[in-house]
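Got the model open in your viewer? Here is a short walk through it, one selection at a time.

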Amino acid sequence: MVDAAGFESVAQCPRELHQMMAAAADGLGSIALDTTQLNMSVTDPTAWATAMNNLGMVPVGLPGQQLVSDSICVPGFDPGLNMMTGITPINPMIPGLGLVPPPPPTEVAVVKEIIHCKSCTLFPQNPNLPPPSTRERPPGCKTVFVGGLPENATEEIIQEVFEQCGDITAIRKSKKNFCHIRFAEEFMVDKAIYLSGYRMRLGSSTDKKDSGRLHVDFAQARDDFYEWECKQRMRAREERHRRKLEEDRLRPPSPPAIMHYSEHEAALLADKLKDDSKFSEAITVLLSWIERGEVNRRSANQFYSMVQSANSHVRRLMNEKATHEQEMEEAKENFKNALTGILTQSLAAQAYALKEENDSLRWQLDAYRNEVELLKQEKEQLFRTEENLTKDQQLQFLQQTMQGMQQQLLAIQEELNNKKSELEQAKEEQSHTQALLKVLQEQEINVLTVALVNQDRENNTEKRSQGLKSEKEALLIGIISTFLHVHPFGANIEYLWSYMQQLDSKISANEIEMLLMRLPRMFKQEFTGVGATLEKRWKLCAFEGIKTT
């Protein structure tokens, strides 16, 4: 039978082609458009000569020159297309995006000079002062705010100054020494921002009403934003249309139409299924007929024969594939064995050649050594004189002296090694002695402690043998005897004191210890542990005295 996974992969091909076309369309979206140089006319070239020469522009007097270079304005801007080169089309629904990048960094020092106009003169600000600040540029900004105008400035003077930046579509002047100017294109706004910070003086008057410091900044106008949105929507439509055309161009052609089922076509298809060159086309037609539901009782036999022929063809192909794979494996194995044999032979031949070369070189070296020895002997026989004899004697004497010094040095080294071994043994013995000394000291401390306790016990025997003074002491003796009888291994004084405090909070450990020491026949003190673990314990010995009596 034909493998169903193969037909699923064929069915998935159109989806993969569609994804490839979409990726190609996305890649074409980032293709940059060619830019053109946009020029503007200057009505009064002499008024802007100093500024343009300072910015490194073409000489004044040629038509089509610029007020500010394109490096300061929008790089690569094409007013005819209203698109930025090298930038992927922008989604018009994303807020806060503009076509024009921000102005050049403030670190670039631009030297400004005096600008002369017909009705006024513009003086630059102090270069040591920081440059004037501007707000964030709104998207599609074509309108600028101009503040700090002289009180006597008119719309004609304002238009005379700012029309050099580009075509002005509207001027809205206020009575409070500021106005809004709308230009025809966005790049003209950057040229107007260049004039921010200049001091404007009308004519040669020194009156305060005829002078003012200009502050030019971006202005947010609804008309600018509306036009920008319209351009973005138009660009998005053009982009969708272009992608659709590109998808249509890259879409693969439709497969050929499959004929309808008939007995004649079925007979032709059965012949094609037996032909290797037409099998793929015939199996596609057969599957299409089966999917269409052309199989019925009348055509079941024909479909069964076609399926059987397809199955036999596929089995034959599978057998051929298995045979070819087996032959390929055998060929790989033969090639591997042949290559291994060739490498082994070549390595053996190289090893044999290297061995022969090594032997020949060794023989040549032996021959050269023999010749050198013979030459040395001949030279000694020919040129040996008395001086040579004395030199030989001196040399022999020096050699003997050196040998004696070497022997002395070896003897000294042996003595040094012996001393080191003795020192190590002494260190080991010292460490062993220190350990023994420590153990003996601990034993002596224990013996001295026991002796002192026995001596104190003998000295205070008379004091301890005094009788009980009160009924309270008798009661304490009974309680302590009961407690120690329960603890046959004894208990230290702190343990006894903690137990007695539960009955009498005013009693102290010293009183208990003195009471026990007064009755040596009932209570005895023993030492347990060694060194730091040495501990004094009291035990009940009254029953031992009764047994002995």
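How many bridges join strand β6 to β7, and in which sense do the two strands run? Select residues 168-173 for β6: five bridges join this strand to β7, and the two run antiparallel. Keep in mind that this is a predicted model.

**Stop 1: the β6-β7 hairpin**

Add residues 178-183 to the selection to bring in β7. To see one rung of the ladder, show K173, whose bridge partner in β7 is C179. Between the two strands of this hairpin sit four residues.

Now click on N177, in the loop between β6 and β7. What is the sign of its phi? Positive: N177 has a phi of about 65° although it is not a glycine. Most residues other than glycine have a negative phi, which makes this a good spot to pause on. As for its surroundings, N177 counts as partly exposed because its relative accessibility is 25%.

**Stop 2: the rest of that sheet**

Stay with β7 and look at its pairing with β5, which is antiparallel over five bridges. Here V144 stands opposite I181 in β7.

Next, select residues 215-218 for β10. You now have the whole open sheet of four strands, in the order β6-β7-β5-β10 with antiparallel pairing. The edge strands are β6 and β10, each of which pairs on one side only. On average, neighbouring strands in this sheet are turned by 20° against each other, direction ignored.

Then bring in residues 155-162, which form helix α3. This helix lies across β5, β6, β7 and β10, and runs at about 140° to β6.

**Stop 3: K142**

Go to K142, in the loop between β4 (120-123) and β5 (143-147). Is this lysine buried or exposed? With a relative accessible area of 7%, K142 is buried; the cut-off for that label is under 20%.

Draw a distance from the side chain of K142 to the backbone oxygen of A184, and you should get 3.4 Å. For the wider setting, show what K142 touches beyond four places away in sequence: I181, R182, F183, A184, E185, E186, V189, D224, E227 and K231. You met I181 a moment ago, as the residue in β7 opposite V144.

**Stop 4: a second sheet**

Switch to another open sheet of four strands, this one ordered β3-β4-β8-β9 and again with antiparallel pairing. Select residues 115-116 for β3 and 211-213 for β9, the two strands at the edges. Each has a single partner strand, so one side of each is left without a neighbour in the sheet.

Zoom in on β8, residues 199-202, which three bridges join to β9 in an antiparallel run. One pair to label is R199 with its bridge partner in β9, R213.

**Stop 5: α11 against α13**

Now select residues 471-486 for α11 and 509-518 for α13. Two packed helices are described by the angle between their axes and the distance between the axes. The axes of α11 and α13 come within 11 Å and cross at roughly 85°, and the two helices are therefore roughly perpendicular to each other.

Turn on the side chains to see who meets whom. From α11 come E473, L476, I477 and I480, and facing them from α13 are I512, L515, L516 and R518. What kinds of residues make up this contact? The residues divide into six nonpolar, no polar and two charged.

Just ahead of α13, pick S508, in the loop between α12 (493-501) and α13. S508 counts as partly exposed because its relative accessibility is 26%. The C-alpha atoms of S508 and E494 are separated by 9.9 Å, with their positions 14 residues apart along the chain.

**Stop 6: zoom out**

Finish with everything on screen. The protein has 14 helices and 12 strands. Of its 549 residues, 26% count as buried. Among contacts with a separation of 6 or more, 66% come from residues 24 or more positions apart.

Methods:
Residues are numbered from 1 along each chain as its sequence is written. This is a predicted model: local features need pLDDT of at least 70, side-chain atom pairs count only at pLDDT 80 or more; totals for chains, interfaces and linings use all residues. Side-chain values use heavy atoms; hydrogens and water are left out. Axes are lines fitted to C-alpha atoms, for helices over the stretch in contact, and angles run from 0 to 180 degrees between N-to-C directions. Angles under 35 degrees count as roughly parallel, over 145 as roughly antiparallel, 65 to 115 as roughly perpendicular and the rest as oblique. Contact means heavy atoms within 4.5 Å. Ala, Val, Leu, Ile, Met, Phe, Trp, Tyr, Cys and Pro count as nonpolar, Asp, Glu, Lys and Arg as charged, and the others, Gly among them, as polar. Buried means under 20% relative accessible area, exposed over 50%, partly exposed in between (1.4 Å probe, protein chains only). A polar contact is a pair of N or O atoms within 3.5 Å; within protein, one must be able to donate a hydrogen and the other to accept it, and residues adjacent in sequence count only if both atoms are side-chain atoms. Two strands pair if DSSP finds at least two bridges between them.
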